[in-house]
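Please look over the sequence and the model below before reading on. The paragraphs that follow lead from the pockets to the confidence of the prediction and then to the surface.

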Amino acid sequence: MFEGFMDVIASHNVGVQNGVASMGTSLTNNQIKAIDRASKQVLIAYDGDSPGQKATLRLSA
């Protein structure tokens, strides 16, 4: 899970096979539920700024 599409592209260029961008850190509960249904494991690679940290904690719950 990346913040933006450029993060997905950059990670793919170094070998990450599957990635999705939330296009920011404003995830809805429905989006989180859809991600949970689609994958057994999600790795979160958001920015280390305050919004990125808050969204990471929300996704991790």
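How many nonpolar, polar and charged residues are there in the lining of the second largest pocket? In this predicted model, that lining is made up by class of 6 nonpolar, 3 polar and 3 charged residues. The second largest pocket holds about 200 Å³ of space, and of the 12 residues that line it, Ile32, Ile35, Asp36, Val42 and Leu59 are the closest to its centre. Two helices take part in this lining, since α2 (29–38) and α3 (50–60) each supply at least two of its residues.

The largest pocket contains about 290 Å³ of space and is lined by 13 residues, among which Met1, Asn18, Gln41, Val42 and Leu43 lie nearest its centre. Its lining comprises 9 nonpolar and 4 polar residues, with no charged residues. Val42 is thus named among the residues nearest the centre of the largest pocket and also among those closest to the centre of the second largest pocket.

As to confidence, the protein chain averages a pLDDT of 88, and 98% of the residues score at least 70. Among the elements of the chain, helix α1 (residues 5–13) has the highest mean pLDDT, 95, whereas α3 has the lowest, 84. Where pLDDT is low, the predicted coordinates should not be read in detail.

On the surface, Phe5, Met6, Ile9 and Met23 make a nonpolar patch of about 440 Å²; of these residues, Phe5 has its place in helix α1, the element with the highest mean pLDDT.

Note on methods:
Residues numbered from 1 in each chain as written. Predicted model: local features only at pLDDT ≥ 70, side-chain atom pairs only at ≥ 80, totals over all residues. Heavy atoms only, no water. 1 Å grid on protein atoms, 1.4 Å probe; cavity = no way out; pocket = protein on both sides within 12 Å on 5 of 7 lines; lining within 4 Å. Points joined across faces, edges and corners; volume = space filled by probe spheres on them. Nonpolar A, V, L, I, M, F, W, Y, C, P; charged D, E, K, R; others polar. Helix = DSSP H or I, 4+ residues; strand = E, 2+ residues; numbered from the N terminus. pLDDT = per-residue confidence, 0-100. Patch = residues over 30% accessible without salt bridge, like charges linked within 9 Å, V, L, I, M, F, W, Y side chains within 5 Å. Areas by Shrake-Rupley, 256 points an atom, 1.4 Å probe, with all protein chains shown as cover. Salt bridge = Lys/Arg side-chain N within 4 Å of Asp/Glu carboxyl O.
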